[in-house]
Amino acid sequence: MIQTRALVKRYGTFTAVDGIDLHVRAGEIYGFLGPNGAGKTSTIMMLLGITRPTSGDVLLFGERYTSRRVHLRRRIGVVPEKHPRGVWPWMTAEDYLRFFAELFDVPRPQERIEALLKKVDLHTVRNTRIREFSRGMLQKLSFTRAILHDPDVLLLDEPISGLDPLGIQQVRDLIVSENREGRSIVISSHQLSEMERICHRVAIISRGRLLTEDTMEHLVARLFHEREIQVEVEQVPPGLAPLLEKLPSVLGCAVHENTLVITVPRQGDYRKPISEFLISRGLVPLRIQERMVSLEEAFVTITQENIGSLVNGGDRR
Amino acid sequence: MSDRTRAARIIAKKQVFEALIGPGFYVALAVGLLLGYFLVSAFARSVDSSGFNPRLHPLYDAIGRALEGAFGTAFVDGLFAEGPLPFAFAVSYLPVFLYLAVSSVFKFGLERNAGAVELVVYGPADGTSYLIACYLKDLFLSLLALVVILGFTLAAAGIFNDFAGPALFLTAVVAFFLSLALLAYGMFASMVTANAASSLALFLGIVLFFLIVLFGSFAIVGEYVRSLSTVVGNVVQWISPFYYGNLSLQANAAGDPLGLLAGLALLVCLSGAILAASHFIMQARGVRP
Amino acid sequence: MSAVRRAASVILFLEVLLPACAQAPVRMENLVYSALAFNGRTFSPTFAREASDAIYLIAGVDSFLTVRKTFVYFWPITGEWKTDTDTLDVPLEGTLEVTDGKGRTLPIVSTRYTYYNEKGEYELNWKVAQGAEADRIWARWSERLDAYQAAARDYRDKAARVGQERSSLLARIEVLRGQGKDVAALVDRLSGLRDPEPPRPPQDYVVPPAEIQEAFILNLPRGSYSLRLRNPDGSIMEGSHKTLVVHEKRRSSGIGYEVIPGDKWTRPVQSPTPSSVLYVDGSSDLYLRPYLEDEYNDLFYAKTIRNDDRGNPNLMTWERIQQVPGASIQLSANGAAVEVIREQPWFVEQLQGATLGYKIVPYDPQGGQKDQEPSLIAVRIPLDARSSVVRLSALDSAGRPLAGSERQIRVVSRPPAEAVLPLLALMPVVVLLTVIIFRSSKYKRS
């Protein structure tokens, strides 16, 4: 759907984007991550044709994209980070959507607007001026505007920034719902926990360079060769940890109050031998849980400079 | 219709609607019409058995002295040759034009900085569509204001038995064509600068500069000031709307209709050139603040 | 001394002192170009001092320049520069060199000249004579003037003698009547006395030939030139370099009107701009006199008349040249039929008794205005407050329309309906309020 080839953007002597190759597939939710100043916004601006690349190509739907190819832009919907709240204060939600419906030449616009407002639960405030909307309502409105013309791709920039938990949930549900209808979604966000929950694939960018682009599972598997199993018991007898470490599958063991944190190799299922060992010691495992490596941990790991080069040979399809 | 012109039309429609539901346009128009009324009414009180005598009314006494001092008796005689209506019309239009130009320049800067232009450009529009839309909106409202003021002036003519002649309609036409170029400069100022306040300062500076150059070469001033203004004027006249406006008026005074049309055509060309420059600057800078 | 007397003393003292403190204008010795320049209707004198930027003359007509050393000073009361030739007036001799924009130099020597305006159908029949011709014309005029003056002296003598005889006869008649004697013969003699006919001055000229003068005579095409004076010894007179601007009319044979209101006949105004509109209040009739006019550059023409005057270089102005002889005016008013009104003489008759004012009546040389000259010759346009628009144009003596003479006279009204206008002006605010109310109700409904 969206592809970049050796995309570069320079502002004077500063290189904001340094040869990025992205590939967003049809029907996926694609997370675009990076610290502040990494080049995410510059990349997105080039994808949308707002700024011109210094070199490299942007391909949208298989076609090389330039700002003149308006028909390509019609297939993209954009939810920017900030809604321009202070301008157009006279507009109601319905005025706002009607304007964009006309701009995009949406067929049967009134029906479409009605249906979407109901979908995002804004139909009761359709004639309320948008200057009176809360942040969450504005975000939903912005989302509605973005899907008004039934685009193939949605591009969301920090979609849950500044929202309360209910708002976050609503937006997440919308994203998932739109993806189920077949839309590809590209999300640029710092909210890694949310990205982890919904993204099929993520790309991590730092200092203008793409460090990795892969599914969560593959990413974690490449970065981390170990995993942790947490076992809760009634009481941890002294001297238990060293004994556990002697087990062939156990790489390490730490004790936190009544919980054993046992480090085991990434591959294989070691819950049974650990349980059997504990039972043989007269201990009853109250809870056995594997701790998943979070995207946040992966993100931090990848963006540390001394690790970055390890993933150069990773999957960047 | 291309995507760009279609988008410009839709955006312009929204902006016209926005202007017509806000107070600024109406207040400026009312102020202009009231000024026009005062001038026409005062003229009727400045007439005695021998004709128009500015000294009979304090308003025209002040205006007459100021204009005579600045531009000479011949200028005042020519200005009021057909009566008060051309002058009253021009004065009526001035507040409306200033409001349209200033608010447009300021608003574009605000909208660009807030990201509204970028929002529209995500769709089937680009920065140039937005630029054209703003310009079309200003032109439409200028034309609307000119029509309303002309109607009001004709009503005043009927009531006071003033002559609504060629000079009045020429003033309306030249005012419109001058607006084309000056509003284009407004757009240019918005493109060149980074924020609304700078745009406004640049636009007002440009207009003031051209006015001062025209004033210096046109007014009755000392030889040194006139020489300096003439030298500067020879350089900048090619990009000054007031130069072409003055050409048109002078041609009309000399009974040269082709010269008049040429002056107006040159105003259109100047407007096009300024808008083209604005387009290229917009393309280079982008729509992001 | 009382306070009042003290104050009076101070005031008197100041009255004496202050004039003495007033500064006399500062006089500066200057090399001055004196010009007797033709301005389209007459020859008028002006001068260009050293600090002036240029001399301005009209193209294609004779103008006369002399160069002199004199004092110049600024006279603040009239705001103009003046010369003090009474104190210093040294005419400079030499050859005037006029150089055009292409570097070609025309040397001009000083020439004797006279100028005069002969009577004809039109006011202006100016002629300039140079050299021997000038001498001849001046001599002929001088002879005729001398003859007239001799005839005038002779008339005065004869009139005095007739007057003396009349007084003497009257005295004798009175004495003899008192003595009861017959005075019929004396009365016959008295009634037979005739006053001599006064001599008529020469009638050939509107402006008789001027006394012979000597000057550099310039008649140049339009353009910008430079002047300098070459002394008889071949050197250039220091300070004699000057720019000469020769300009011409842009258009000619325009028609302007002198407008004389019936209630202020001594204060006429001009209507020079073609197609201009005369706005009046309709309280008085108008007397119009059409005149021919030419269009000049405002600044150049002003400086041709007076070199230190101001004007607008970017504007043209119509300047009155001469009256249209035997003109008439064609009228149409409120769609009524065309009427032609001829120019005629009028007389201003003072009202008798305690009543102040006057009335303008047709001039009747045989009746009430015998032995009097008409006060004005004009076309009377009757007006009253009910007239709204009077359209007029001028015809020449042969009844042919004069191009550019169309005018309107509009009687300005101030009807009660005027009050509608400020209300109309506020209509945009009414529209605004309507919009606000409508949109507020829309939001309230939602």
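The face of α6(A) turned away from its buried side carries a handful of exposed residues, namely A:Pro165, A:Leu166, A:Asp173, A:Ser177 and A:Arg180. This comes from a predicted model, so everything here is read off predicted coordinates. On the buried side of α6(A) sit A:Val171, A:Leu174, A:Ile175 and A:Glu178. These buried residues cover an arc of only 100° around the axis, which puts them on the same side of α6(A). The general rule behind such patterns is that an α-helix has 3.6 residues a turn, so residues three or four places apart point the same way.

The helix itself runs over residues 165-180 of chain A, 16 residues in total. From first C-alpha to last, α6(A) reaches 22 Å, close to the 22 Å expected at 1.5 Å a residue. As for what the buried residues of α6(A) pack against, the partners in chain A are two helices and three strands: α5 (135-147) and α7 (192-198), plus β4 (29-33), β8 (153-157) and β9 (184-188). After the helix comes A:Gly182, with a positive phi near 105°.

A:Gln170 also belongs to α6 of chain A. With 19 other C-beta atoms within 10 Å, A:Gln170 is partly exposed, because a residue counts as buried only at 20 or more. Its C-alpha atom is separated by 27 Å from that of A:His23, and the two residues are 147 apart along the chain.

Turning to the nonpolar cores, the largest one has 235 residues, and the members touching the most others are A:Val186 and B:Ala184. Leaving out residues up to four places away in sequence, A:Val186 touches A:Ile2, A:Val24, A:Tyr30, A:Phe32, A:Val153, A:Leu155 and A:Leu156. Another core lies apart from the largest one; it has 8 residues, including A:Val231, A:Cys253, A:Leu260 and A:Ile262.

Then there is the contact between chains B and C, which takes 37 residues from chain B and 46 residues from chain C. On the chain B side, the elements giving two or more residues are α2 (23-44), β1 (47-48), β2 (51-52), α4 (73-79) and α7 (127-160). The largest share there, 9 residues, comes from α2(B). By class, this side of chain B has 25 nonpolar residues, along with 8 polar and 4 charged ones.

How much confidence goes with chain B? The mean pLDDT of chain B is 91, and 99% of its residues reach 70 or more. Within chain B, confidence is highest in α2(B), at 96, and α2(B) is also the element with the largest share of the side touching chain C. Confidence in chain B is lowest in helix α10 (residues 223-236), at a mean of 80.

A couple of backbone oddities round things off. A:Arg207 has a phi near 50°, a positive value in a residue other than glycine. A:Arg207 lies in the loop between β10 (201-206) and β11 (209-215) of chain A, and it is partly exposed, with 17 other C-beta atoms within 10 Å. C:Ser253, another residue other than glycine, has a positive phi near 60°. C:Ser253 sits in strand β13 (residues 251-261) of chain C, and with 13 C-beta neighbours inside 10 Å it counts as partly exposed.

Notes: Residues are numbered from 1 along each chain as its sequence is written. Chains are lettered from A and ligands numbered from 1 in the order in which they are written. This is a predicted model: local features need pLDDT of at least 70, side-chain atom pairs count only at pLDDT 80 or more; totals for chains, interfaces and linings use all residues. Two residues are in contact if their C-beta atoms, placed from the backbone, lie within 7 Å. Helices (H or I, at least four residues) and strands (E, at least two) are DSSP runs, numbered from the N terminus. Ala, Val, Leu, Ile, Met, Phe, Trp, Tyr, Cys and Pro count as nonpolar, Asp, Glu, Lys and Arg as charged, and the others, Gly among them, as polar. A residue is buried if 20 or more other C-beta atoms lie within 10 Å of its own, exposed if 12 or fewer, and partly exposed in between; C-beta atoms are placed from the backbone. pLDDT is the predictor's confidence in each residue, from 0 to 100. A nonpolar core is a set of buried Ala, Val, Leu, Ile, Met, Phe, Trp, Tyr and Cys residues joined through C-beta atoms within 7 Å. The expected span of a helix is 1.5 Å times one less than its number of residues. The arc is that of the directions from the helix axis to the C-beta atoms.
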